[in-house]
There are 4 protein chains.
Amino acid sequence: MATPHVRKGDTRHRIQDVALSLFAEQGYEKTSLREIAEHLDVTKAALYYHFKTKEDILISIVDDLARPVDELIDWAEGQPRTLATKQEILRRYSETLWGAAELFRFMQENQATVRELSIGETFKSKIQALGELLKEPEYSMTDQVRCITALFSMHAGMFAMQSIEGDPDDKRAAILEVAQGLIADAHRDAHRGQTDTP
Amino acid sequence: MATPHVRKGDTRHRIQDVALSLFAEQGYEKTSLREIAEHLDVTKAALYYHFKTKEDILISIVDDLARPVDELIDWAEGQPRTLATKQEILRRYSETLWGAAELFRFMQENQATVRELSIGETFKSKIQALGELLKEPEYSMTDQVRCITALFSMHAGMFAMQSIEGDPDDKRAAILEVAQGLIADAHRDAHRGQTDTP
Amino acid sequence: MATPHVRKGDTRHRIQDVALSLFAEQGYEKTSLREIAEHLDVTKAALYYHFKTKEDILISIVDDLARPVDELIDWAEGQPRTLATKQEILRRYSETLWGAAELFRFMQENQATVRELSIGETFKSKIQALGELLKEPEYSMTDQVRCITALFSMHAGMFAMQSIEGDPDDKRAAILEVAQGLIADAHRDAHRGQTDTP
Amino acid sequence: MATPHVRKGDTRHRIQDVALSLFAEQGYEKTSLREIAEHLDVTKAALYYHFKTKEDILISIVDDLARPVDELIDWAEGQPRTLATKQEILRRYSETLWGAAELFRFMQENQATVRELSIGETFKSKIQALGELLKEPEYSMTDQVRCITALFSMHAGMFAMQSIEGDPDDKRAAILEVAQGLIADAHRDAHRGQTDTP
DNA sequence: TATGAATGAGGATTCATTCAT
DNA sequence: AATGAATGAATCCTCATTCAT
C-alpha cells in the first residue's frame, strides 16, 4: 500500500505544497524558484515542466483552495437573507478559512504583492461578494461596518490572536461567536421596532 | 523668496516621502532603489549618502511615524483601566492610524516582508501592548477576542471598507463606533451582575 | 571529428583557466567577473551556474592545484628524517612549484587578499608543515632559519630571478641547488663532531 | 609641552600613518578611503585636501619610507666591491627593512596591486640595483642565485619565520647571518684557487 | 518527465572622486 | 583646513525564464 518512491503525477502537487508553505513563511517575492526546487530535490527546469511561470504556481494553488469560497457564495445566494443564513455563512467561512489556513495567511500577509497579480482582483471580489451577502442596503453605515468587520475579524483571527491563551479550537469558536454577534447586532438595529424579522 | 530648487537639507525627507509612497503602492520588495532615485531625480548613490541600506530607509520612516503609538501607550499606561479610558485609547488610535495612513497600510499589506525585518518585532509588540491595555485577564475568551478584534477592525477599516458608500470621515467614525461597541460589550459581560462598574 | 565549438562540459575548466590567469596577471580584487566572462564569451550569470561565488572559483582552483603539496607532505611523513629525504622534499617541491607556477605566483603576489580568504590558513599551514619536515627541534636558530629560507627561496625564485640571465631550466636547477645547500649546511652544523649522520 | 589637540599640519602625517597600517593589514584594494577617514574622524573630502588620489597617499608613504634604500644604494656604489662591503649592505638593508617593517610587509603582500601602480617599477628597480651590488658578472649562475636569495630571504624573514620560536631580535640576527653566509659562499666559490680576494 | 547549461535583466551596494561652501 | 552632498561607474550576485537533449 505504501508507495516506495513518490507516486506518479505527484510532483505537481508536491510543488504546490512546498511552494505554498514557503510563500506563506517568507513571502512570495522572497521565495525563489531555486529554493522551491531544492526543497523538492528537483531542478528549477522541472518546475517549468509543470507550470508556465512562478505566478502560475501561485494561481494554481489559489484556484484549488479558493473553490470552497465560490461554493459558499453559490450556496448562500440560494438561501433566504435571514439572520440564520448569515450566521451560517460565517460558520462555513470559518471552516473554509481554517481548512486552508496557510493560503489565507499568505493572502493576508502578502496583499501588496497579491494586488498586482491577476488573482488579486479575483479574491477581493469574492470577499466583497460575501460582504454583500451579509449586509443590507438599508443598514446604517455603522451596521454595514459591523458586517464587514465580522468578515475581517475572522481573517485577523487567524494570526492576530496569539496574545490570547487557550485551546486553538476554543479560540476559533470564540472568534466565530464574536463575528456572529456583530451580525446579530446589525440585524437587531435594523429591525428594531418591527414585529417580524425576515 | 520662493525656493527655485529643492530646499537644502530636504533630500533626506524627500527620500522618506517618496519611498513610503512607493512602498505602500507597490510593496517593499517590488520597489527598487533605482525607482526611488528616479522619482527624486538623484542617483542611487545619493540615497546611500543619506541611508545605509534600503531597510534603513524603511526603519527611519517607521521610527518617525510610529512614535505616536508609543506616546499613546505611555499615556494609556498612566490612566485607570476603566471603560472610558479604553474608549479613549481606541479614539486616539483611530486618529493615529489615519494620521499615518500610508505607513499603516504598508505595514498591513507587507506583513510577510515586515516580519523578517527588524521593525517587525517592534511593531508587533506595540500592538500587543495596546491589546493588553484593552483586555483584562479575567475576561472570558470571547471577550478577549472582542478586544483584539476592536483593535484590528480599525486596521482593516483603513482599506477594507471600500464596498461601503459614504463620506470617509463618517466611515471612520462608524468604524470607531463599532470598535468601541466591542469593548463595551466585553466590559458589560465581565461586570454583569455587579452593581458598580469601575 | 574536430570540435567546432568548445567541448561540452568544458566550461567549468575554462572558467578556472581564464580566472587563474587573470588573477595571476592583475590580482584577485582587480579581476572582475565581468572580465572573466568576457574572455570566455559567456555571461556573468553563467559563471554563477558553475560556481557559487567569486571566492569559490579561486577555492576550486586552489583545491585542484594544491593537491600535489598534500601528496608531498604525505609522502614525506612516511620517510626517515635524513638529509637525503629533505633534499628530495625540496626537489619534489621544486617540481610542484613549477608545475603550477601561475597559481603559486598568484598566492605569492596576493598574500594580503589570500590571507582574508578561507584558503589563506589552509595554505599557510601546508607550508608550515613542510617547514617542520625540514628542520629539527634541536637545530640552532640559525639552522632553522636556513631551512625556512630554503623553502621560501624556491618561492621567490619563481619571479625574483629575472635579473639573472640564462636558461629557465638551468635557473631552476640552480635555485634548487642553493636551497639544498642551505639544508645541507643546517644538517652539517647540527651533526658536527658526530661520527654517524642519521 | 603636550599639544592638547592634534598639532597643526599633522593631519597629513596622520593620514599616512593610518593608511599604511590599514593597507598593510587588509591590502590596498580592500581598504577604502571611507575607512581611513573614519579612523581619523574626518570626512573623505578631507583626504582630498591633502592628497590628489588614493594612489597618491600610497606614493607619498613609499617615497618617505623608501628613501633609506636609496641612501643605501648611493652609499654602496661608492664602496669597493669587497665581501665586507656586501656584508655591510645586507646588514644595513636588514636595518632598513625592520625600520619600515609595515611598509615592506605591505609591498611584499600586495605585489599584484603594486605592480600596476607607478611605484611598482620604482621599487623593483631599486631591489634589482641592490642585487647588482651583491653579485658579480663572473659568478656562476648558482652563486648569482645565492646573492638574490640572500636579499629575498630577508624579505621573507619578516613574516615567514613565525614557526620559529625565539626572541625577535635574535631571529633577525639569525636571518642576517644566513643571508651573509650565502653571500660568503658565493664569494668563496668565485675566488677558489685565487691567492688574493679583492 | 525531467535536466544541464545558459541568458538578460535587474537587484543592492560600494567606491573614488568632485565641488560649492 | 575641512565638510556636506552628490555622482558615475563599477561591483558581486540573484532571479525568472528558456531550450536542446
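**Notebook: DNA strands E and F and the contact of chains D and C**

I began with DNA strand E and sorted its atoms within 4 Å of the protein: 64% belong to sugar or phosphate, and the rest belong to bases. I note at the outset that this is a predicted model.

**Entry 1. Surroundings of strand E**

I listed the residues around DNA strand E and obtained 35, the closest being A:Thr43, B:Tyr48, C:Thr43, C:Tyr49 and C:His50. I then looked up which helices supply at least two residues each to this surface. Chain A gives helix H3 (44-50), and chain C likewise gives helix H3 (44-50). Chain B and chain D each give helix H2 (33-40) and helix H3 (44-50). By class, I recorded 14 nonpolar, 12 polar and 9 charged residues near DNA strand E.

**Entry 2. Phosphate contacts of strand E**

I looked next at individual phosphate oxygens of DNA strand E. For C:His50, a polar side-chain atom lies 2.6 Å from a phosphate oxygen of this strand. For D:Leu33, I found a polar backbone atom at 2.9 Å from a phosphate oxygen of DNA strand E. D:Lys54 also approaches a phosphate oxygen of the strand through a backbone N or O atom, at 2.9 Å.

**Entry 3. Surroundings of strand F**

I repeated the search for DNA strand F. There are 35 residues around DNA strand F, and B:Thr43, B:Tyr49, B:His50, C:Tyr48 and D:Thr43 come nearest. Of the atoms of DNA strand F that come within 4 Å of the protein, sugar and phosphate make up 66%. For the surface near DNA strand F, I noted that chain A and chain C each contribute helix H2 (33-40) and H3, while chain B and chain D each contribute H3, with at least two residues from each helix. I counted the classes near DNA strand F as 14 nonpolar, 12 polar and 9 charged.

**Entry 4. Phosphate contacts of strand F**

In the side chain of A:Lys54, I found an N or O atom 2.8 Å from a phosphate oxygen of DNA strand F. The side chain of B:Thr43 places an N or O atom 2.6 Å from a phosphate oxygen of DNA strand F. With C:Leu33, the atom concerned is a backbone N or O, and the phosphate oxygen of DNA strand F is 3.2 Å away.

**Entry 5. Chain D against chain C**

I turned to the protein contact between chain D and chain C, which takes 45 residues from each of the two chains. The two chains bury about 3700 Å² between them, with 61% of that area on carbon and sulfur atoms. I found 4 salt bridges across this interface. One of them joins C:Arg115 to D:Glu109, with the closest N and O atoms 2.3 Å apart. I also recorded 14 residue pairs in polar contact between chain D and chain C.

On the side of chain D that touches chain C, the elements giving two or more residues are helices H1 (10-26), H6 (101-109), H7 (111-116), H8 (118-134), H9 (141-160) and H10 (168-191). The largest share, 12 residues, comes from H9(D). By class, this side of chain D has 15 nonpolar, 13 polar and 17 charged residues.

**Entry 6. Relation of the two copies**

I checked how chain D superposes on chain C: a rotation of 180° with 0.0 Å of shift along its axis does so, at an RMSD of 0.1 Å. That is the relation of a two-fold axis. I noted further that 100% of the interface residues of chain D are also interface residues in chain C, so the copies meet through the same surface.

Definitions and conventions. Residues numbered from 1 in each chain as written. Chains lettered and ligands numbered in written order. Predicted model: local features only at pLDDT ≥ 70, side-chain atom pairs only at ≥ 80, totals over all residues. Heavy atoms only, no water. Contact = heavy atoms within 4.5 Å. Buried area = accessible area lost by both parts, 1.4 Å probe. Salt bridge = Lys/Arg side-chain N within 4 Å of Asp/Glu carboxyl O. Polar contact = N/O pair within 3.5 Å; in protein donor to acceptor, adjacent residues only side chain to side chain. Helix = DSSP H or I, 4+ residues; strand = E, 2+ residues; numbered from the N terminus. Nonpolar A, V, L, I, M, F, W, Y, C, P; charged D, E, K, R; others polar. Least-squares fit on C-alpha atoms with pLDDT ≥ 70 in both. Near = heavy atom within 4 Å.
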